[in-house]
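Open the model in your viewer and keep the sequence panel in sight. Each stop below says what to select and what is there.

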Amino acid sequence: MRRVPVNVLLVNSSARAEASTSRQIVAKVGEQFAASGAQLVSRDLAHSLPHVNEAWVQSGFTDPNDWTDAMRDAAGVSSQIVDEVMAADVLVLGVPIYNFGVPAAFKAWVDQVCRAGRTFRYTENGPEGLLKGKRAIVVVSSGGVPIDSPVDFATPHVRQVLNFIGITDIQVIGADGQMTGEGKVEAALEQAAAVA
Ligand SMILES: Cc1cc2nc3c(=O)[nH]c(=O)nc-3n(C[C@H](O)[C@H](O)[C@H](O)COP(=O)(O)O)c2cc1C
């Protein structure tokens, strides 16, 4: 049995505003959870995050007492993003397919989220995800590429990243092939209305 979610994190990465289908579907999912009393937190990646840099990498191998200002700044951004993810019971991720993969803005978020010692750790048996018991709803939109087709490198990537950090309860809502088919967005909105 799933716990009733208290905190829901909505992450959008479409470059578009109102016209974005992934944003509309993410918003619909959010409405459902809000109606059942959950708190919503939004992270809009259209205001892009910094990419990981050398200071970010070095901060992972340096005692925090010895961090330089650059390491503190780089790790600070990551900590804020990781804290948001850790505080959420449910992650709702809006991921348009851009050039067969995830948008660069979404990948920058992924790189901030996957942090050794916080969201995963190394063990004798390999890496272990530390975010247990969370649920993810991944809204994937595309113009033509069908979800999970051989040229969809976005959906499998997002699933792998979520598994890597310990999240295995994953639902994909697809609004794929919008330029080629009819009714996908309506079907996705119906799915979104039934999530909570
Ligand atoms: C930069 C860019 C690259 C895109 N690349 C692809 C692609 O590789 N395959 C595809 O099917 N659609 C592609 N599209 C179309 C989008 O996936 C589609 O318009 C989707 O609805 C975008 O999500 P949104 O409506 O939330 O903005 C691309 C769109 C943009 C803006």
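The radius of gyration is taken here over C-alpha atoms, and the rule for a globule is 2.2 Å times the number of residues to the power 0.38. Keep that rule in mind for the first stop. Note also that this is a predicted model.

**Stop 1: the whole chain**

Show the C-alpha trace. For 196 residues, the rule puts a compact globule near 16 Å; the protein has a radius of gyration of 17 Å, so the two agree. Now turn the trace along its principal axes. The spans are about 55 × 35 × 35 Å.

Switch to cartoon. You should find six helices and seven strands. Walk from the N terminus and the order reads β-α-β-α-α-β-α-β-β-β-α-β-α. Then color by accessibility. Buried residues account for 45% of the 196.

**Stop 2: the ligand**

Select the ligand and the residues around it. How many residues surround the ligand? There are 16, and the closest are S14, R16, S20, S22 and G144. Color this shell by class. Five of its residues are nonpolar, ten are polar and one is charged.

Next, pick out individual contacts:

- Select S14. One of its polar side-chain atoms sits 2.7 Å from a ligand oxygen.
- Select I97. Here a polar backbone atom is 2.8 Å from an oxygen atom of the ligand.
- Select G143. A polar backbone atom of this residue lies 3.1 Å from a ligand nitrogen.

Now show the ligand surface. On its own, the ligand has 630 Å² of accessible area, and the protein covers 73% of that.

**Stop 3: a salt bridge between distant parts of the chain**

The structure has ten salt bridges. Start with R118 and D83. Their closest N and O atoms are 2.8 Å apart. Which parts of the chain does this pair link? R118 is in the loop between helix 4 (104–113) and strand 4 (120–123), while D83 belongs to helix 3 (residues 69–87). The two residues are 35 apart, and the pair links distant parts of the chain.

Is R118 buried, exposed or in between? Buried means under 20% relative accessible area and exposed means over 50%. R118 has 26%, so it counts as partly exposed. D83 has 41%, so it is partly exposed as well.

**Stop 4: a salt-bridge network**

Select E128, then add R121. Their side chains form a salt bridge, with N to O at 2.6 Å. Now add K132. K132 also forms a salt bridge with E128, and the closest N and O atoms are 3.4 Å apart.

Check the accessibility of each member. E128, at 25% relative accessibility, counts as partly exposed. R121 is partly exposed too, at 41%. K132 is exposed, with a relative accessible area of 53%. Keep the three selected together: shared partners join R121, E128 and K132 into one network of salt bridges.

**Stop 5: D89, in a loop**

Go to the loop between helix 3 and strand 3 (90–96), and select D89 there. Why does D89 count as buried? Its relative accessible area is 15%, and the cut-off for buried is under 20%. Now add V6. The side chain of D89 reaches the backbone nitrogen of V6 at 2.7 Å.

**Stop 6: G101, in another loop**

Move to the loop between strand 3 and helix 4, where G101 lies. G101 counts as buried, at 14% relative accessibility. Add P156 and draw a line between the C-alpha atoms. The line should read 9.5 Å, with the two positions 55 residues apart along the chain.

**Stop 7: D176, and a long line**

Select D176, in the loop between strand 7 (169–175) and helix 6 (184–192). D176 is buried, with a relative accessible area of 10%. Now add G126 and draw a second C-alpha line. How far apart are D176 and G126 in space? The separation is 34 Å, and the two are 50 residues apart in sequence.

**Last view**

Return to the ligand and show S14, I97 and G143 once more. S14 offers a side-chain atom to a ligand oxygen. I97 faces an oxygen atom of the ligand with its backbone, and G143 faces a nitrogen with its backbone.

Note on methods. Residues numbered from 1 in each chain as written. Predicted model: local features only at pLDDT ≥ 70, side-chain atom pairs only at ≥ 80, totals over all residues. Heavy atoms only, no water. Near = heavy atom within 4 Å. Polar contact = N/O pair within 3.5 Å; in protein donor to acceptor, adjacent residues only side chain to side chain. Areas by Shrake-Rupley, 256 points an atom, 1.4 Å probe, with all protein chains shown as cover. Nonpolar A, V, L, I, M, F, W, Y, C, P; charged D, E, K, R; others polar. Salt bridge = Lys/Arg side-chain N within 4 Å of Asp/Glu carboxyl O. Helix = DSSP H or I, 4+ residues; strand = E, 2+ residues; numbered from the N terminus. Buried < 20%, exposed > 50% of the residue type's maximum accessible area, 1.4 Å probe, protein only.
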